[in-house]
Protein chains: 2
Amino acid sequence: MDDLVENIYAPIEVGEGVALTRTERREQQARRILAAAKVCFVRSGFKGASMQEICAEVGMSPGALYRYFPSKEAIVEAICEADRREDAVLFARVLQEPDVVEGLVLGAMAHIRHMHEDDNAKLFAEICSEAMRNPAVETTCMKNMVEVQQMFAAYIGKAIERGEIDPPVGLDALLPTLMSVAHGMALNDLPAMGVPYEKLEILFRAMVVGMLRPTASGRV
Amino acid sequence: MDDLVENIYAPIEVGEGVALTRTERREQQARRILAAAKVCFVRSGFKGASMQEICAEVGMSPGALYRYFPSKEAIVEAICEADRREDAVLFARVLQEPDVVEGLVLGAMAHIRHMHEDDNAKLFAEICSEAMRNPAVETTCMKNMVEVQQMFAAYIGKAIERGEIDPPVGLDALLPTLMSVAHGMALNDLPAMGVPYEKLEILFRAMVVGMLRPTASGRV
DNA sequence: AAATTGAGAATGAACGTTCACTCTTTCTTC
DNA sequence: GAAGAAAGAGTGAACGTTCATTCTCAATTT
């Protein structure tokens, strides 16, 4: 971290003397800025963190930083975009689990685990409130949510067709509710509040069973 | 709203020519400021809303406003305090319901309904992210949460003693989880997303039944 | 030589807060 | 109960600071 100042034009993370192309270096610098900005936003909030604070965190002058991002708003949007994408990728793994109840438990637990690590819950809380008044961020969140929701709708829909589960309400009500439940558990960072993962899993499974109502024929 | 400017010393909301005492007037002005500040904070966020914006919303000069609150921070804290208290009062009603499952359903639905109205969900999202870095707000939220949680712990604990329910985990894990679930459903403002109250209620009841496991003897 | 990357001072707008002041109400004194 | 002093409520310009952003220029790479 400290030796970055020594030679500012040297490759940033030198791995066995590998030289970086111009565009590679540019991308690496941009990533460095985003990582530092995330730290600042978690610490001070989107509005509360100043460009100077971010500059200090990256170890870069304002002039240099503005070569990579045209505005603070652009950094905020890039961070939200990246965070939401990370989340969507996490959920995608679920689809491989044949048992739909276990699939949802797996997905929720991965989500909660992810939020618990690296201050992601704090960032997510910030994104949620920002999305309520920043149209660009709102669009990003909406797009992500719809994407994840459609994915799960197909996953759960197939289980219904196979007759494995029999939910008391339609998918259009079931899915937003399921997601908001997982959302709440992740946002509150229950592991940080002393609730162990195992108990969380037991409870979430109980909830999912209650909502999906697995049929006798669906049981393994 | 407009005629407030005509005579600045007249009672603010004149009801049948009733004159207000000094302190009554002061309290009324303070409430007026808080109401206007809430509108601004929902619109622009705690950091995003300026004192000028709040002044314009109340129809008051900065000098006057600072007679009622010593700082912007004080207004933020007062708003958070009031919102959390409102929430706690709402939950308190639940305790009168003898059936514990119905009590929790009632509480959660009231909570969700309350959040859906008056932009309370937006304010709550703001409070959540503020609580993560503002110690004063964090304390307010914590105190409120502990209070509500203890109330519910006693309520559910008694039902366990009576043998009406048999949850798979202890109260220390059950309560935070239950609360974060209701929290998530309220924060996401599911009614605004097109999920009707009735279906929400069906799903929440199914979840609670799954988590509390009512016994045969407890059934009505 | 041309282009890229960076530093860091400078810029103007906006911020929270304070100030000197005016107007209204209340209290005191006769 | 009228006159005058004291206190309270409100105004809006002004203050010092901080903000996001830009500008000028030097160092480095191609």
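Twenty residues surround DNA strand C in this predicted model. Of these 20 residues, Ser61(A), Gly63(A), Ser50(B), Gly63(B) and Ser71(B) come nearest to the strand. Both chains supply elements to this surface. From chain A, helix H1 (22-44) and helix H3 (62-65) each give two or more residues. From chain B, helix H2 (51-58), helix H3 (62-65) and helix H4 (72-92) do so. By class, the surface near DNA strand C has 8 nonpolar, 7 polar and 5 charged residues.

DNA strand D has 21 residues around it. Which of them come nearest? They are Ser50(A), Gly63(A), Ser61(B), Gly63(B) and Ala64(B). Here helix H2 (51-58), H3 and helix H4 (72-92) come from chain A, and H1 and H3 from chain B; each supplies at least two residues of the surface. The residues near DNA strand D divide into 8 nonpolar, 7 polar and 6 charged.

Next, the contact between the protein chains. Chain B gives 37 residues and chain A gives 36 residues. On the side of chain B that touches chain A, helix H1 (22-44), helix H6 (120-131), helix H8 (171-187) and helix H9 (197-212) of chain B each give two or more residues. Which element of chain B gives the largest share? H8(B) does, with 10 residues. This side of chain B divides into 21 nonpolar, 10 polar and 6 charged residues.

Now chain A as a whole. Its secondary structure comes to 9 helices and 0 strands. Along the sequence the pattern reads α-α-α-α-α-α-α-α-α. Chain A has 220 residues, and buried residues make up 38% of them. Among the contacts in chain A with a separation of 6 or more, 67% join residues 24 or more positions apart.

Three helices can be checked for length. The expected span uses 1.5 Å a residue, counted over one less than the number of residues.

| Helix | Residues | Expected span | Distance between end C-alpha atoms |
|---|---|---|---|
| H9(A) | 16 residues | 22 Å | 22 Å |
| H8(A) | 17 residues | 24 Å | 24 Å |
| H6(B) | 12 residues | 16 Å | 16 Å |

For H9(A), the 22 Å between the end C-alpha atoms agrees with the expected span. H8(A) agrees at 24 Å, and H6(B) agrees at 16 Å.

H9(A) covers residues 197-212. Its buried residues include Leu200(A), Leu203(A), Phe204(A), Met207(A) and Leu212(A). What do the buried residues of H9(A) pack against? In chain A, their partners are helix H5 (100-116) and helix H8 (171-187). In chain B, they are H8 and H9. After H9(A) comes Arg213(A), with a positive phi near 50°.

H8(A) is mostly covered, with 15 of its 17 residues buried. Asp189(A) follows H8(A), and its phi is positive, near 50°.

How many of the 12 residues of H6(B) are buried? The count is 12 of 12. Among them are Lys122(B), Glu126(B) and Glu130(B), as well as Leu123(B), Phe124(B) and Ile127(B). The cover over H6(B) includes helix H6 (120-131) of chain A. From chain B itself, the cover includes H1, H4, helix H5 (100-116), helix H7 (135-161) and H8.

Key
Residues are numbered from 1 along each chain as its sequence is written. Chains are lettered from A and ligands numbered from 1 in the order in which they are written. This is a predicted model: local features need pLDDT of at least 70, side-chain atom pairs count only at pLDDT 80 or more; totals for chains, interfaces and linings use all residues. A residue is near a molecule or strand if its C-beta atom, placed from the backbone, lies within 6 Å of it. Helices (H or I, at least four residues) and strands (E, at least two) are DSSP runs, numbered from the N terminus. Ala, Val, Leu, Ile, Met, Phe, Trp, Tyr, Cys and Pro count as nonpolar, Asp, Glu, Lys and Arg as charged, and the others, Gly among them, as polar. Two residues are in contact if their C-beta atoms, placed from the backbone, lie within 7 Å. A residue is buried if 20 or more other C-beta atoms lie within 10 Å of its own, exposed if 12 or fewer, and partly exposed in between; C-beta atoms are placed from the backbone.
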